[in-house]
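Student: I have a structure open in front of me and would like to learn how to read it. Could we go through it one feature at a time?

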Protein chains: 2
Amino acid sequence: MGTKTVKTIEDIAKLANVSKSTVSRALNDSSLINPETKNRIKAIAEEHNFCMNLPARNLSRRQSCTVGFVTHSHQCGFTVEDMFGLEIMSAIGSGLDVLGYDLLLIHMKPRDNSWAHQYFDSGRVDGFIMMKTGRGHAYSKLLSEMNAPFIIWGVPEPEINGCTVTGDNLSGGILATEHLIRIGRKKIAFLGGPEYDLEAQLRQKGYETAMRNAGRKIEPDLMVNGDYYLESGKTGMQQLLEKTPDVDAVFVCGDVMAIGAIEVIQKSGRRVPEDVAVVGYDDLAIATYNNLPITTVRQNIQMSGKLLAQNLVQSIKTGVVTHVTVPVELVVRKSA
Amino acid sequence: MGTKTVKTIEDIAKLANVSKSTVSRALNDSSLINPETKNRIKAIAEEHNFCMNLPARNLSRRQSCTVGFVTHSHQCGFTVEDMFGLEIMSAIGSGLDVLGYDLLLIHMKPRDNSWAHQYFDSGRVDGFIMMKTGRGHAYSKLLSEMNAPFIIWGVPEPEINGCTVTGDNLSGGILATEHLIRIGRKKIAFLGGPEYDLEAQLRQKGYETAMRNAGRKIEPDLMVNGDYYLESGKTGMQQLLEKTPDVDAVFVCGDVMAIGAIEVIQKSGRRVPEDVAVVGYDDLAIATYNNLPITTVRQNIQMSGKLLAQNLVQSIKTGVVTHVTVPVELVVRKSA
DNA sequence: CTTTAATCTGCAACCGGTTGCAGGCCGGTC
DNA sequence: GACCGGCCTGCAACCGGTTGCAGATTAAAG
């Protein structure tokens with residue numbers, strides 16, 4: 001539509017008095033074409049600011065140059081777990097951009113496994129990116145059965161045979177805990193994630209490592225599990241305060257829970273960070289914009305997105321399966 | 001790849017002993033095909049859980065069944081303006097899903113206008129969705145020049161000739177202000193957006209309307225402008241407190257600014273909401289998770305996303321240009 | 001029993017690119 | 001002058017669908 005008259009390589013071919021194939025080769029920088037001819041053709045294309053029809057090209061090449069970002073659409077709208085996903089999605093987008101790939105959003109419904117076929121077998125996408133989820137195993141199995149390249153943000157697990165990229169949870173745990181030790185806290189608690197969660201396990205291991213390195217004892221009473229949601233941050237903190245009233249610091253495995261924890265601490269009449277210091281994890285937007293900006297462990301989202309993009313594309317092209325760990329850093333704000 | 005042997009309609013055609021075209025028609029529910037044949041073919045397709053190659057279909061039909069969500073990638077990563085965009089994107093995704101359209105992320109670089117051609121002329125997408133931006137005009141002009149259907153989240157402006165969907169900013173302003181009046185506040189201030197911003201203007205008009213309806217005077221000293229960023233929330237509130245120390249309520253045009261405002265209020269020794277009640281706007285995640293959950297005006301993101309999807313697709317198919325206003329609601333939390 | 005129409009199916013062209021292969025043109029060599 | 005090889009270019013098939021049109025079949029009408 002519009003006023004454009006030069007829409008296909010055939011149009012260009014006519015203008016240049018060559019064949020369609022020559023134009024195709026010229027625009028693809030094939031070495032078969034005489035440099036002069038090539039430049040002439042390119043100039044014509046440029047002049048009419050020609051844009052090749054990518055779907056057609058992709059059909060020919062039997063690829064889509066598109067990857068699907070799988071979102072587990074919660075019926076109830078958003079959870080903050082998604083917030084991290086959303087932030088990383090943007091980073092993936094720019095990462096793919098430079099590789100010539102596009103990012104397609106895939107909305108999968110709760111108990112619907114058809115999305116994989118829908119998008120892969122139909123040639124819509126060449127591979128998938130997903131956030132680690134409880135269902136990770138199932139999906140990963142599904143995808144590898146159909147030979148679909150995919151990459152997961154999360155800790156690699158033996159059952160999952162696709163690429164992974166994950167933050168350095170162990171170092172993150174250490175950084176957070178060491179910070180609390182450094183600022184002179186004596187009773188440092190740990191508010192973790194679900195038991196089965198590998199990331200949380202590593203963060204916990206980091207906590208324990210830092211404690212041991214500092215010659216501290218690891219007391220079970222100083223450790224509780226949460227589930228990353230606000231409520232569990234509150235109840236978890238409640239328990240910690242009851243078991244150990246003189247706790248003076250807590251490393252919380254997620255920013256949202258940290259917010260819950262801070263609320264409970266303040267309600268109990270204690271001040272943050274004076275009485276109890278709090279370190280979160282993830283550096284979500286809410287950590288910055290919180291009333292009391294939260295000291296937290298930042299996952300390098302830009303780099304992670306880029307790596308997710310690069311490694312997935314690599315895997316699509318070569319079949320190589322990679323696992324990467326991305327460094328994290330501590331961001332000191334007001335809460336500790 | 002994989003074990004699948006039935007990949008194309010031609011394969012199905014062989015199995016069913018019919019021609020390729022018959023299969024195509026059958027799977028598309030063409031009325032030309034004998035119901036019996038149709039069912040037989042569908043059964044075969046089902047049995048081999050066949051997935052049609054969509055790029056090929058789309059090439060044939062000269063459409064992509066994909067729309068691009070244009071994100072203005074800030075060099076510096078994320079702004080909270082994006083947060084709203086991200087939340088709505090997900091809603092758009094599900095809205096498009098039921099219409100059989102896909103959502104593609106488009107990352108446009110700061111001063112690069114080629115994205116429009118890149119994606120539209122190349123047949124990658126059939127239309128665009130964008131958040132209102134300062135550059136709205138330029139982009140909108142670009143898009144209409146190339147006859148590309150698009151829809152914008154934002155207040156319709158004469159220069160922009162594409163579809164729009166926007167929250168009911170006027171009612172939002174009224175709701176927020178009436179709430180503050182209802183809870184008995186005497187000196188209600190308004191912390192607005194940038195002057196040129198139409199949404200902010202309407203919210204302000206809502207504020208003024210509610211004030212007048214309640215028989216209140218509109219005092220310039222009670223009104224300042226912000227720019228939606230945290231810092232401007234702080235400085236704006238600072239000014240208000242200086243000009244009118246006995247201000248006891250403020251309607252802030254954005255949640256992020258509201259957080260800044262709350263901080264300044266508390267720092268000044270006043271309590272929220274006892275001394276100064278605060279109502280925000282947008283109901284971002286940070287409003288819920290804020291240490292002091294914010295009373296705010298919620299844009300119906302789910303509905304908005306759906307409408308953006310529906311109206312854009314309608315516009316792609318028929319060329320109709322629509323403008324929609326989506327109702328908003330007041331969410332009362334702790335800050336007012 | 002023919003004519004006509006309605007119903008169904010297949011052929012082949014087409015969407016806009018890519019690519020294997022054949023062939024034209026050129027200069028160099030024997 | 002004939003032969004050979006390298007460098008370009010074009011033909012035509014192909015990717016996997018859609019669709020206009022023609023033709024076959026059958027039923028209904030005359």
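Student: Where does B:Thr37 meet DNA strand C?

Tutor: To read such a meeting, look for the pair of atoms involved and the distance that separates them. This is a predicted model, and in it an N or O atom in the side chain of B:Thr37 lies 2.6 Å from a phosphate oxygen of DNA strand C.

Student: Which elements give two or more residues to the surface near DNA strand C?

Tutor: In chain A they are helix H2 (20-27) and helix H4 (54-61), while in chain B they are helix H2 (20-27), helix H3 (35-47) and helix H4 (54-61).

Student: What other polar atoms of the protein lie close to an oxygen of DNA strand C?

Tutor: Two from chain A can be named, and here it helps to ask whether the protein atom belongs to the backbone or to a side chain. A polar backbone atom of A:Ile9 is 2.8 Å from a phosphate oxygen of DNA strand C, whereas a polar side-chain atom of A:Ser21 is 3.5 Å from a base oxygen of that strand.

Student: Which residues come nearest to DNA strand C?

Tutor: There are 29 residues around the strand, and those that come nearest are A:Ser24, A:Arg25, A:Ser60, B:Thr22 and B:Thr37. Turning to the strand itself, 56% of its atoms that come within 4 Å of the protein belong to sugar and phosphate.

Student: How many residues of that surface are nonpolar, polar and charged?

Tutor: The surface near DNA strand C is made up of nine nonpolar, 13 polar and seven charged residues.

Student: How are chain A and chain B related?

Tutor: Two copies of a chain are related by a rotation about an axis and a shift along it. Here a turn of 180° and a shift of 0.1 Å along the axis lay chain A on chain B with an RMSD of 0.2 Å, and the two copies are therefore related as by a two-fold rotation axis. The same surface serves both copies, since 98% of the contact residues of chain A recur in chain B.

Student: Which residue of chain A comes closest to the rotation axis?

Tutor: That residue is A:Leu104, whose C-alpha lies 2.2 Å from the axis.

Student: What is the mean pLDDT of chain A?

Tutor: The mean is 91, and 94% of the residues of chain A reach 70 or more. Over residues 75-80 of chain A, however, the pLDDT is below 50, although this stretch has 13 contacts in the model beyond near neighbours in sequence.

Definitions and conventions
Residues numbered from 1 in each chain as written. Chains lettered and ligands numbered in written order. Predicted model: local features only at pLDDT ≥ 70, side-chain atom pairs only at ≥ 80, totals over all residues. Heavy atoms only, no water. Near = heavy atom within 4 Å. Polar contact = N/O pair within 3.5 Å; in protein donor to acceptor, adjacent residues only side chain to side chain. Helix = DSSP H or I, 4+ residues; strand = E, 2+ residues; numbered from the N terminus. Nonpolar A, V, L, I, M, F, W, Y, C, P; charged D, E, K, R; others polar. pLDDT = per-residue confidence, 0-100. Contact = heavy atoms within 4.5 Å. Least-squares fit on C-alpha atoms with pLDDT ≥ 70 in both.
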